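Got the viewer open? Let's take a short walk through the fold, one selection at a time.

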Amino acid sequence: MAAVCQVTGAVPGFGHNVSHSHRRTKRRFDPNVQKKTYFVPSLGRKITLNVSAKGIKVIDARGIEKVVADLQAKGVKL
């Protein structure tokens, strides 16, 4: 599963691991992406979204109907 949130668009960040001796190695900071299933009354069915923890909070605040409408306006196939 790709580490991309469908709601917020969060993608991995990149940086360095820094050891005690201050050697640096590349690393990747993945967002906390979860696969969540929501029932959407306007569609009359369940949809599965890959959402980050912040995306879940956005859905709780704005409502699944509004978020799905915005996703469909962007052209995301649900």
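Which are the buried residues of helix α1 (residues 53–62)? Select the helix and pick out G55, I56 and I59: those are the buried ones. They share a side of α1 because they cover an arc of only 105° around the axis. Keep in mind as you click around that this is a predicted model.

Now spin to the other side of α1, where K54, K57, D60 and A61 are exposed.

Back on the buried side, bring up the neighbours. What do the buried residues of α1 pack against? Show β3, β4 and α2 (64–74), and you have the packing partners. Before leaving the helix, step just past α1 to G63, which takes a positive phi of about 100°.

Next, select residues 33–40 and 45–52. These are strands β3 and β4, and they pair in the antiparallel sense over 8 bridges. For one of the rungs, click Y38 and look across to β4: its bridge partner there is I47. Then follow the chain through the hairpin of β3 and β4, which has 4 residues between the strands. G44 is the one to stop at, with a positive phi near 70°.

Last stop: the loop between β1 (13–18) and β2 (24–29), where you'll find H22. What is there to check at H22? Look at the backbone: phi is near 75°, a positive value, and this time the residue is something other than glycine.

Conventions. Residues numbered from 1 in each chain as written. Predicted model: local features only at pLDDT ≥ 70, side-chain atom pairs only at ≥ 80, totals over all residues. Heavy atoms only, no water. Helix = DSSP H or I, 4+ residues; strand = E, 2+ residues; numbered from the N terminus. Pairing = 2+ DSSP bridges. Buried < 20%, exposed > 50% of the residue type's maximum accessible area, 1.4 Å probe, protein only. Arc of directions from axis to C-beta. Contact = heavy atoms within 4.5 Å.
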